[in-house]
Amino acid sequence: MKRIKRLFVISAMTCVLAGCHLISHTQKVEVKPPVDVTEPDDTGVIETPPQIIKQTDWNTILSPFVNKILHVSLSNNDNKIILISDIQNRSGDYLVTNQIDDALHQLMNKQNMFTVVNKQSTNQAKQALGISADDKFVSRGKMIGLAKSINARYVLFTTIYKAPTDSNDANLSVELLSTQNGEILTRVTSKDFPSQQNTNKDNVSEAHE
């Protein structure tokens, strides 16, 4: 009986020692506190302001061109519906063409020689023909085809060769086209008018004499 007790005690001590050995070799796991992930606060961040586009007085620039176009002789029996074409930009620079288009519509709506196709009808005709609203490849042929689709007999076609600057006038042309045969009935260019810059210089010279 004593031998059995002795074996039991030895076994128990062996188990205890083995357990201590395992515990001493167990790797400690470091528990890190949770990281507080918050989105950066973008308040106070200054966004880049949009580029300021210079406003050009296209009404004043285009007025003499339109006035001269209106002096063309047409048959009284003609269909006088006219389409104001998209602006052909050959300046190599970015132009806010909608400003030019608005100016032409304002000037043409003041005259009583032609009936101007409104912008809504023009946009609907473009959609029907698959022409993009911001089409960059403007041509006489394309605009004549667009005019024919809405039964317009004439096209007012404008080309910008050089945008105006502080030291130079705009260089452009305005044409009256016939949709019947594509003929240029009349063409007005910047050469038809004295340079505004030269006129101002002459006035300054006269004032100093």
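Asn118 caps the N-terminal end of helix 4 in this predicted model. A side-chain oxygen of Asn118 sits 3.2 Å from the backbone nitrogen of Gln120. The helix that begins here covers residues 119-129, and right after it comes Gly130, with a positive phi near 75°.

Now look around helix 4 itself. Thr122, Ala125 and Lys126 are buried. Why do these three count as being on the same side of helix 4? They span an arc of only 105° around the axis, and that puts them on one side together. Turn to the other side of helix 4 and you'll find Gln120, Gln127 and Ala128, which are exposed. And what covers the buried residues? The cover includes strand 1 (81-84) and helix 5 (140-149).

**Salt bridges around Lys119 and elsewhere**

How many salt bridges does the structure hold? The count is seven. In general, side chains of opposite charge can pair when their charged atoms come close. Here are some of the pairs, with the distance between N and O atoms for each.

| Pair | N to O distance |
|---|---|
| Asp101 and Lys119 | 3.3 Å |
| Asp102 and Lys119 | 2.3 Å |
| Lys142 and Asp135 | 2.7 Å |

Salt bridges with shared partners link Asp101, Asp102 and Lys119 into one network. Take the salt bridge between Asp101 and Lys119: Asp101 belongs to helix 3 and Lys119 to helix 4, so this pair ties together parts that are 18 residues apart in sequence. Asp101 counts as buried, because its relative accessibility is 16%, and the cut-off for buried is under 20%. Lys119, at 35% relative accessibility, counts as partly exposed.

The other aspartate in the network, Asp102, also forms a salt bridge with Lys119. Asp102 lies in helix 3 as well, so its pairing with Lys119 in helix 4 ties together parts that are 17 residues apart in sequence. Asp102 is partly exposed, at 31% relative accessibility.

Then there's the salt bridge of Lys142 with Asp135. Is each partner buried or partly exposed? Lys142 is partly exposed, with a relative accessible area of 27%, while Asp135 is buried, at 17%.

**The cores**

Nonpolar side chains tend to be buried together in soluble globular proteins. In this model, the largest nonpolar core has 27 residues. Which of them touch the most other members? That would be Leu62, Ile82, Ile100, Leu104, Met108, Leu156 and Leu172. Several elements chip in at least two residues each to this core: helix 2 (58-69), strand 1, helix 3 (97-109), strand 4 (154-162) and strand 5 (171-178).

Leu104 is a handy one to zoom in on. Setting aside residues up to four places away in sequence, Leu104 touches Leu62, Val66, Ile84, Ile87, Leu156 and Thr158. There's also a second, separate core, made of 13 residues, and its members include Ala125, Val138, Ala147 and Phe157. Ala125 is a name you've met already, as one of the buried residues of helix 4.

**A loop residue: Thr56**

For a view away from the helices, try Thr56, found in the loop between helix 1 (2-24) and helix 2. Thr56 is partly exposed, with a relative accessible area of 25%. Which residues is Thr56 in contact with, leaving aside its neighbours within four places in sequence? Those are Ile61, Gln99 and Pro164. Thr56 and Thr165 are 109 residues apart in sequence, but their C-alpha atoms are 9.3 Å apart in space.

**Stepping back**

On the whole, the protein has six helices and six strands. Their order along the sequence is α-α-β-β-α-β-α-α-β-β-β-α. Of the 209 residues, buried ones make up 30%. Among contacts with a separation of 6 or more, 66% are between residues 24 or more positions apart.

How confident is the predictor? The mean pLDDT of the protein is 79, and 67% of the residues reach 70 or more. Over residues 22-46 the pLDDT is below 50, and this stretch has zero contacts in the model beyond near neighbours in sequence. Residues 199-209 also have pLDDT below 50, and that stretch has one contact beyond near neighbours in sequence.

Key:
Residues are numbered from 1 along each chain as its sequence is written. This is a predicted model: local features need pLDDT of at least 70, side-chain atom pairs count only at pLDDT 80 or more; totals for chains, interfaces and linings use all residues. Side-chain values use heavy atoms; hydrogens and water are left out. Buried means under 20% relative accessible area, exposed over 50%, partly exposed in between (1.4 Å probe, protein chains only). Helices (H or I, at least four residues) and strands (E, at least two) are DSSP runs, numbered from the N terminus. The arc is that of the directions from the helix axis to the C-beta atoms. Contact means heavy atoms within 4.5 Å. A polar contact is a pair of N or O atoms within 3.5 Å; within protein, one must be able to donate a hydrogen and the other to accept it, and residues adjacent in sequence count only if both atoms are side-chain atoms. A nonpolar core is a set of buried Ala, Val, Leu, Ile, Met, Phe, Trp, Tyr and Cys residues joined through side-chain atoms within 4.5 Å. A salt bridge is a side-chain nitrogen of Lys or Arg within 4 Å of a carboxyl oxygen of Asp or Glu. pLDDT is the predictor's confidence in each residue, from 0 to 100.
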